[in-house]
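Me: I have a structure here and want to know what stands behind the terms used for it. Please set each term against its definition.

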Amino acid sequence: MSRYRIARCPRCGRFLSIDYRYRTRRCPYCGRRITTEDVVDGNLYSAEVVSLKVRRLNERVFKK
Ligand SMILES: [Zn+2]
């Protein structure tokens, strides 16, 4: 089931998945409310693919 989009938190800058069935979710890192306006990739992905993409994006932004 492909039903996740990629959003970016406007407060902490981290990427996260957002289920297309829900209009909002809370950022798991800073608690800010994420809405569909924060979606940066409108494609729909499966849970497996979206978690991989989100991890790669966050690794790129938050290099250790
Ligand atoms: Zn955040």
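Reply: The sheet is open and has three strands in the order S2-S1-S5, with antiparallel pairing. Helices (H or I, at least four residues) and strands (E, at least two) are DSSP runs, numbered from the N terminus. This is a predicted model, in which local features need pLDDT of at least 70, side-chain atom pairs count only at pLDDT 80 or more, and totals for chains, interfaces and linings use all residues. Residues are numbered from 1 along each chain as its sequence is written.

Me: What makes S2 and S5 edge strands?

Reply: S2 and strand S5 (39–46) each have a single partner strand, so one side of each is left without a neighbour in the sheet. The twist from one strand to the next averages 30°, with axes taken as lines fitted to C-alpha atoms (for helices over the stretch in contact) and angles running from 0 to 180 degrees between N-to-C directions.

Me: Why are S1 and S2 called paired?

Reply: Two strands pair if DSSP finds at least two bridges between them. Five bridges join S1 to S2, so the requirement is met. Among the bridge partners, Arg5 is matched with Ile18 of S2, and Arg8 with Phe15 of S2. The two strands form a hairpin with six residues between them, and Gly13 in the turn has a positive phi of about 80°.

Me: How do you know that S1 pairs with S5 too?

Reply: S1 and S5 share four bridges in the antiparallel sense, therefore they pair by the rule of at least two. In S5, Tyr45 is the bridge partner of Tyr4. Tyr4 is also in contact (C-beta atoms, placed from the backbone, within 7 Å) with residues including Ile18, Leu44 and Val50, leaving aside its neighbours within four places in sequence.

Me: Why is Leu57 called partly exposed?

Reply: A residue is buried if 20 or more other C-beta atoms lie within 10 Å of its own, exposed if 12 or fewer, and partly exposed in between; C-beta atoms are placed from the backbone. Leu57, found in helix H1, has 17 C-beta neighbours inside 10 Å, so it counts as partly exposed.

Me: What makes up the largest nonpolar core?

Reply: A nonpolar core is a set of buried Ala, Val, Leu, Ile, Met, Phe, Trp, Tyr and Cys residues joined through C-beta atoms within 7 Å. The largest one has eight residues: Tyr4, Ala7, Phe15, Leu16, Ile18, Ile34, Val50 and Val54. Strand S1 (2–8), strand S2 (15–19) and helix H1 (47–61) each supply at least two of them, and S2 gives the most, with three.

Terms used
Two residues are in contact if their C-beta atoms, placed from the backbone, lie within 7 Å.
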